[in-house]
Amino acid sequence: MYVYSLFCLFFLLTSFPALFITAKISNLATNHKILDTSLSSSMDRVNFRVNVLTGHLKNHHKPIIDLLDTAQCVNYNPPELTEPSSAFKTKALRRLLDGDSIDEIDHIYNLMIKSHLFCPKERGGKVFISPDYNQSMDQQREMTVKRIDYLREQGVFDGWLTRKGRDAELSGFTRANTVGVFDHSLGIKLGVHFFLWGGAIQFMGTKRHHDKWLKPTETYEVNGCFAMTELGHGSNVRSIETITRYDASTQEFIITTPCESAQKYWIGGAANHATHAVVFSQLNINGVNQGVHAFIAQIRDTNGYICPNVRIADCGHKIGLNGVDNGRIWFDDLRIPRENLLNSVADVSPDGKYLSAIKDPDQRFAAFLAPLISGRVTIASGSMNITKMGLAIAVRYSLSRRAFSVRPNEPEVLLLDYPSHQRRLLPLVAKTYALSFATNYLKKIYAKRTRESVKTVHVVSSALKATATWHGMRTLQECREACGGQGLKTENHVGHLKSEFDVQLTFEGDNHVLMQQISKALLKEILTAKRRNKPIKGLGLEHLNKPAPIIPSCLSSSDLRTAQFQTDIFCLRERDLLHRYETEVSQRKAQGESIEHIFTVTYQIAEDLGRAFSDRLVLQTFLDVEATVPTGPLKNVLGLLRSMCTTIVMEEDASFLRYGYLSTDNAAVVRKEVLKLCSELRPHALALVTSFGIPDALLGPIAFNWIDANAWSSVKDNDTVFPYVPAML
């Protein structure tokens with residue numbers, strides 16, 4: 001009532017400011033009569049209004065408790081008690097997602113949950129773990145290091161680099177991605193050390209490097225970073241400006257930063273903790289530039305002091321990932337031993353001769369960078385965990401939060417019972433399953449890679465890194481909005497995860513650039529096949545050897561749900577865009593344009609083609625997983641998810657209408673089908689996000705009893721009560 005009183009007075013003041021100033025203040029407190037409404041003077045009208053409001057305020061001060069007694073408070077009802085029982089076994093669906101890694105994933109989750117280093121906090125009767133983002137940047141960085149030390153002591157990193165074989169490589173992805181669910185900074189810090197620094201030594205070095213560096217890296221006796229990016233060059237690695245020369249008289253390489261744009265930039269671990277770096281540099285031998293090579297350089301001594309001839313500066317505070325100490329590095333003629341050249345592709349003899357079995361510089365550069373694909377694999381697969389986390393929180397909240405009644409005196413409606421809310425979240429759940437299956441496929445082909453399959457791994461990793469991270473950012477934004485104001489609270493994760501995750505879209509390759517790289521690779525495949533007069537083989541392009549599929553002129557709901565139609569229209573789109581791209585490139589080339597200029601001006605169709613390849617790849621991997629599941633409820637739900645994923649792509653990607661793969665009438669059928677699929681997936685929503693397998697402790701409080709989590713008792717228990725301090729006049 002006090003607030004209401006203030007409002008009334010504010011209304012009076014703003015309605016009659018000039019007249020109120022001249023009115024007698026005493027009228028407000030003493031005059032209780034209702035004045036005659038026929039008063040004509042301005043002052044009388046003011047007095048009339050004052051007295052009406054005064055009488056209202058004096059006669060309507062009923063106790064607040066009486067008002068509360070007449071209204072029913074909102075209660076939290078766990079969706080486990082209100083939602084229908086799952087039609088399928090959630091453990092079976094989780095096994096499709098996590099496979100044989102479930103035990104390792106859960107072991108790491110449990111290690112984090114039980115340690116005080118992961119900031120356990122009780123809210124609403126449940127314990128949650130989450131980084132303390134109220135800490136300063138320096139404090140967050142130190143906590144990241146302490147958590148790494150704890151995990152190392154618990155044996156989480158044992159064998160990461162020294163074990164051999166497919167299972168060992170898959171385990172590395174599992175470890176980095178799992179800790180990243182708790183904190184993206186922690187996952188990135190491990191990724192830089194093990195995948196980038198350790199991976200460079202493992203795959204770009206030879207036995208002399210393996211024997212010296214891998215075990216100390218695994219135990220953190222050596223703390224490594226990866227110095228590729230420069231202030232002036234990111235994606236264009238071939239044009240980096242750092243220069244390395246060879247001094248045959250001392251058998252040393254000399255690394256130099258020749259200008260400010262050549263400083264190494266955004267180097268994770270460099271600002272505070274790294275002792276060594278893999279430095280990418282142009283190699284100049286006897287005045288001849290042999291292209292980009294990689295060298296091991298020590299940048300700090302065992303006491304943590306920066307080495308002579310090395311300068312390091314901090315990149316400063318970022319919009320996210322402040323638990324990672326990104327730094328900048330300058331080299332002032334730093335000398336390193338000849339043996340520190342990572343020489344799997346090329347070497348320099350003691351007397352200064354350049355040696356390589358690969359004579360073509362382009363092929364040598366490609367072979368040199370091929371082992372670094374693991375970074376994209378990690379990003380693509382790790383982005384799925386962040387996406388699952390956001391969806392699990394947002395969907396669970398929407399299954400307990402209500403808003404508005406359809407009819408008077410009826411209960412308010414659950415958010416997820418609104419078709420609009422279903423449309424916002426359930427297609428993202430479906431696409432997350434599809435991309436999870438696809439990134440699992442990527443990890444497997446990476447672990448089984450051969451010299452012949454490296455090209456496929458490169459193209460697939462580029463496609464899925466871009467598609468998965470774009471999907472992740474869109475999902476987090478939608479989840480933030482779907483949670484309303486609660487989505488803004490850091491403890492509820494979804495809002496803060498956006499800034500933590502944003503960097504994924506540009507590091508290890510800008511997504512738009514990756515789409516164009518995919519199209520160039522596809523174009524090369526088709527031109528090579530035509531030149532050799534042989535069928536196309538590889539990259540899933542075998543469908544190009546068959547007649548073009550024919551799309552029905554009038555689509556029905558049943559058509560849209562068949563795997564055959566979905567495959568046909570996705571293949572038709574890829575085929576047609578590849579043909580259009582080939583035609584435009586050929587025509588421009590015939591007109592005398594340079595190939596560099598052609599690729600620059602044809603970026604639109606190149607990106608359309610890159611997306612078409614990615615979508616067809618994702619569909620195929622989904623069908624492969626679905627084929628392993630026996631007939632039954634789980635297979636039925638997978639069919640719904642697949643159909644949702646394909647129809648939403650057809651609805652949202654303008655290329656289906658732009659290039660005529662769908663008529664406007666068929667596009668309208670697709671749009672209606674999305675809503676039907678949403679309603680059919682709605683009963684499975686809780687089971688689908690439960691199958692993600694993320695522990696309750698890693699989700700936000702709004703995923704559970706958000707009323708108790710925000711109750712006064714919860715505030716007092718967490719020591720965030722502010723004492724009353726009288727205002728100073």
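Reader: What is the relative accessible area of Arg588, and into which class does that put the residue?

Author: Let's start with the classes: buried means under 20% relative accessible area, exposed over 50%, and partly exposed in between, with a 1.4 Å probe and protein chains only. The model is predicted, so local features need pLDDT of at least 70 and side-chain atom pairs count only at pLDDT 80 or more, while totals for chains, interfaces and linings use all residues. Residues are numbered from 1 along each chain as its sequence is written, and side-chain values use heavy atoms, with hydrogens and water left out. For Arg588 the relative accessible area is 23%, and the class is partly exposed.

Reader: Which residue does Arg588 meet in a salt bridge?

Author: A salt bridge here is a side-chain nitrogen of Lys or Arg within 4 Å of a carboxyl oxygen of Asp or Glu. The partner is four residues away in helix H20, so about one helical turn separates the two. The partner is also partly exposed, at 25%. With an N to O distance of 3.3 Å, the residue that Arg588 meets is Glu584.

Reader: Where does Lys530 find its salt-bridge partner?

Author: The closest N and O atoms of Lys530 and its partner, Glu582, are 2.7 Å apart. Lys530 lies in helix H18 and Glu582 in helix H20 (residues 563–590), so the bridge ties together parts 52 residues apart in sequence. Helices (H or I, at least four residues) and strands (E, at least two) are DSSP runs, numbered from the N terminus. The place to look for the partner is therefore helix H20.

Reader: Is Glu582 buried or exposed?

Author: The two ends of this bridge make a nice contrast to look at. Lys530 is exposed, with a relative accessible area of 51%. At 9% relative accessibility, Glu582 is buried.

Reader: How many residues apart are Glu680 and Arg561?

Author: Their side chains meet in a salt bridge with an N to O distance of 2.7 Å. Glu680 sits in helix H25 (residues 664–681) and Arg561 in the loop between helix H19 (557–560) and H20, and the separation is 119 residues.

Reader: What is the relative accessibility of Arg561?

Author: Glu680, on the other side of the bridge, is partly exposed at 32%. Arg561 also counts as partly exposed, and its value is 22%.

Reader: How many salt bridges does the whole structure hold?

Author: Some of them join up: Arg423, Arg474, Glu651, Glu652 and Arg671 are linked in a network. A search of the whole structure gives a total of 43.

Reader: What separates the C-alpha atoms of Glu491 and Gly700?

Author: Glu491 belongs to the loop between helix H16 (454–482) and helix H17 (494–501). Beyond its neighbours within four places in sequence, Glu491 is in contact (heavy atoms within 4.5 Å) with Arg123, Gly700 and Pro701. Glu491 and Gly700 are 209 residues apart along the chain, yet their C-alpha atoms are separated by 6.0 Å.

Reader: Which residues are in contact with Arg94, leaving aside its neighbours within four places in sequence?

Author: Arg94 is placed in helix H7 (residues 90–98). With a relative accessible area of 12%, Arg94 is buried. Its contacts are Gly99, Ile102, Ile105, Asp106, Ser691, Phe692 and Gly693.

Reader: What share of the 729 residues counts as buried?

Author: To set the scene, the chain has 28 helices and 15 strands. Among contacts between residues at least 6 apart in sequence, 73% join residues at least 24 apart. The buried share of the 729 residues is 53%.
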